[in-house]
Amino acid sequence: MAQATRLFWLKGYEGTSITDLTAVMGIGATSLYAAFGSKDALYVEALHHYGAEYDSRVWTNFFSACTAREAVMALLSDSAAALTSPAADMPSGCMVTLSSVGSEDHPELAKLVRSGRAAALDRIESRLRQAVAEKELSDLVDLHSLGRFIQAVLSGMSILARDGASPAELQAIAEVAMLKWDATAGDP
């Protein structure tokens, strides 16, 4: 599954052919269809594999941080490192962020990718709501907009990583984003 995940991550769903998949996986088309049923089903499995293998690289410190500010800084810093230093010769950037599945031809896959992106926003907003409840953030802060801002920074970092940005460049972006956090969050 790692080889298929890498290929989809690198080339995207549309750019990856069955021939590409069978070559990298070392199996014939008949075996691929017997094992997965379709390219769509293999893509779904690749997305699950990606989440299982790489999710913790950017979310573990987020979940264990004591404050929302520390959680967001950890998320951005860990993402800066993970997006530019992928393990096991994996491509730079985030597979889910960089995924583009033609919604008109593959609506279920497009929905799955969008739900992955929505899950990230849900995690961020949940931590922000906790920060309001704990009086770390003012209840006047627009949590959805702040969450979207953080998500937009992460998405931009992913694109820049794919384009060759260094870990230091992405870390600098994380630090600038935290200046926005400080200006927006203010004192509760």
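Which residue's side chain meets that of Arg69 in a salt bridge? In this predicted model, the partner is Asp182, and the two side chains come together at 2.8 Å, N to O.

## The Arg69–Asp182 pair

The bridge links distant parts of the chain, since Arg69 belongs to helix 5 (residues 68-84) whereas Asp182 belongs to helix 9 (residues 167-185), and 113 residues separate them. Both ends are accessible in part: Arg69 is partly exposed, with a relative accessible area of 30%, and Asp182 is likewise partly exposed, at 37%.

The helix that carries Arg69 has a setting of its own. Of the 17 residues of helix 5, 14 are buried, so this helix is largely enclosed by the rest of the structure. Arg69, with its relative accessible area of 30%, is not counted among those buried residues, because buried requires a value under 20%. The length of helix 5 can also be checked: at 1.5 Å a residue its 17 residues should span 24 Å, and the C-alpha atoms at its ends are 24 Å apart, which agrees.

## The other salt bridges

The structure holds three salt bridges, and one of them joins the side chains of Asp55 and Arg123 at 3.0 Å, N to O. Asp55 lies in helix 4 (residues 39-64) and Arg123 in helix 7 (residues 107-133), so this pair ties together parts that are 68 residues apart in sequence. Asp55 is partly exposed, with a relative accessible area of 30%, and Arg123 is partly exposed as well, with a value of 27%.

A further bridge is formed by the side chains of Asp20 and Lys11, which meet at 2.8 Å, N to O. Here Asp20 has a relative accessible area of 24%, which places it in the partly exposed class, and Lys11, at 39%, is also partly exposed.

## The largest pocket

The largest pocket has a volume of about 700 Å³, and its lining consists of 32 residues. Those that lie nearest its centre are Tyr50, Asp55, Trp59, Cys94 and Val96. Asp55 therefore appears in two roles, as a lining residue nearest the centre of the pocket and as the acidic partner of Arg123 in a salt bridge.

Several helices contribute to this lining, with helix 4, helix 5, helix 6 (95-98), helix 7 and helix 8 (143-162) each supplying at least two residues. The largest share, nine residues, comes from helix 4, the helix in which Asp55 lies. By residue class, the lining divides into 18 nonpolar, ten polar and four charged residues.

## The chain as a whole

The protein chain contains nine helices and zero strands, and, read along the sequence, it follows the pattern α-α-α-α-α-α-α-α-α. Taken along the principal axes, its C-alpha atoms fill a box of roughly 60 × 30 × 25 Å.

Buried residues make up 43% of the 188 residues in the chain. Among contacts with a separation of 6 or more, 67% are accounted for by residues 24 or more positions apart. The salt bridges described above include examples of links across the sequence, with Arg69 and Asp182 standing 113 residues apart and Asp55 and Arg123 belonging to parts 68 residues apart.

How values were computed
Residues are numbered from 1 along each chain as its sequence is written. This is a predicted model: local features need pLDDT of at least 70, side-chain atom pairs count only at pLDDT 80 or more; totals for chains, interfaces and linings use all residues. Side-chain values use heavy atoms; hydrogens and water are left out. A salt bridge is a side-chain nitrogen of Lys or Arg within 4 Å of a carboxyl oxygen of Asp or Glu. Buried means under 20% relative accessible area, exposed over 50%, partly exposed in between (1.4 Å probe, protein chains only). Helices (H or I, at least four residues) and strands (E, at least two) are DSSP runs, numbered from the N terminus. On a 1 Å grid over the protein atoms alone, a cavity is a set of points where a 1.4 Å probe fits but cannot get out, and a pocket is an open set with protein on both sides within 12 Å along at least five of seven lines; lining residues have an atom within 4 Å of a point. Grid points are joined across faces, edges and corners, and a volume is the space filled by probe spheres set on the points. Ala, Val, Leu, Ile, Met, Phe, Trp, Tyr, Cys and Pro count as nonpolar, Asp, Glu, Lys and Arg as charged, and the others, Gly among them, as polar. The expected span of a helix is 1.5 Å times one less than its number of residues. Contact means heavy atoms within 4.5 Å.
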